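Trainee: I should like to take a close look at a single part of this protein, one helix together with what surrounds it. Would you describe that part and then place it in the whole?

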Amino acid sequence: MSCTKKENQELLKLYQDLRVSDVSDGMDRMMMHEAGLVSPRIQPLFRTRAVGIARTCRYLPFGGAIPKMDPVEYKEWTSWYYGNVCTYFWMGEIEEGDFCVIDQSEVDAGLMGANNSLSGMKLGARGFITNGGVRDTDELVLEKVPFWSLCVSKSTVHGRLKFDDMNVPIAIGGVLVNPGDVIVAD
């Protein structure tokens, strides 16, 4: 289902005061027992809550070879990598009220960190969830960025992840998430 910006804002108002347990109870009453509850393996960085409209993207394991190089060449290669392999095109589409849902194929790599998460918040993101790693967590907690992840990662994405697609159905913590779904997290 595709909604207009106005319809999305109206949906968010309806959900803004609901807890996850309230939404879960409502889904049970609608006989949707098997839908919507993300695995408890995916945890928030701190106690918080957020409500937003799903903006989805998918990354896959890189699987390629990392060439041998000196530090100067490595810096050039990482620039090439971000521009051609592990891109962030979806961030340019973030709108007010979006909840960024990122399928990282459970790869332990910090696709998101302080810089890009804060940029997403500035664009209007309400929160982030990934089935992979997140880094720079001290700063994300300090800045109160609502973020749920499978793990806290020390590594970056170079040689670990490649961009696959955006605005497509993805799976996070055993749940199918479609672009435009309402996300309620606490």
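Mentor: Let us begin with the whole. The protein exposes about 10,300 Å², and carbon and sulfur atoms supply 53% of that area. The model is a predicted one, and its secondary structure comes to 5 helices and 12 strands. The C-alpha atoms fill a box of roughly 60 × 30 × 30 Å along the principal axes. The radius of gyration is 17 Å, which agrees with the value near 16 Å that a compact globule of 186 residues would have. Of the 186 residues, 41% count as buried. Among contacts with a separation of 6 or more, 79% join residues 24 or more positions apart.

The part to examine closely is helix H4, which spans residues 114-123. Its buried residues are Ala-114, Asn-116, Ser-117 and Gly-120. The cover over these buried residues includes two strands, E4 (110-112) and E5 (127-130). It also includes helix H5 (137-142) and strand E7 (147-149). Just after H4 comes Gly-124, with a positive phi of about 120°.

Two of the elements that cover H4 lead to further backbone positions of interest. Most residues other than glycine have a negative phi. Glu-106, in the loop between strand E3 (98-103) and E4, has a positive phi near 60°. With a relative accessibility of 46%, Glu-106 counts as partly exposed, because that class lies between the 20% and 50% cut-offs. Asp-136 is found in the loop between strand E6 (133-134) and H5. Although Asp-136 is not a glycine, its phi is positive, at about 60°. Its relative accessibility of 38% makes Asp-136 partly exposed as well.

Another loop offers a glycine to set beside these positions. Gly-174 lies between strand E10 (170-172) and strand E11 (175-177). At 80% relative accessibility, Gly-174 counts as exposed, because the value is over 50%. In sequence, Gly-174 and Val-38 are 136 residues apart, whereas their C-alpha atoms are 6.1 Å apart in space.

The charges complete the account of the whole. There are 19 positive and 25 negative side chains, and the centres of the two sets lie 3 Å apart.

To return to the part requested: H4 has four buried residues named above, Ala-114, Asn-116, Ser-117 and Gly-120, and E4, E5, H5 and E7 are included in what covers them.

Note on methods: Residues are numbered from 1 along each chain as its sequence is written. This is a predicted model: local features need pLDDT of at least 70, side-chain atom pairs count only at pLDDT 80 or more; totals for chains, interfaces and linings use all residues. Side-chain values use heavy atoms; hydrogens and water are left out. The radius of gyration is taken over C-alpha atoms; the globule rule is 2.2 Å times the number of residues to the power 0.38. Buried means under 20% relative accessible area, exposed over 50%, partly exposed in between (1.4 Å probe, protein chains only). Contact means heavy atoms within 4.5 Å. Accessible areas come from the Shrake-Rupley method with a 1.4 Å probe; for residues, only the protein chains shown count as cover. Lys and Arg count as positive and Asp and Glu as negative; His and the chain ends are not counted. The place of a charge is taken as NZ of Lys, CZ of Arg, CG of Asp or CD of Glu.
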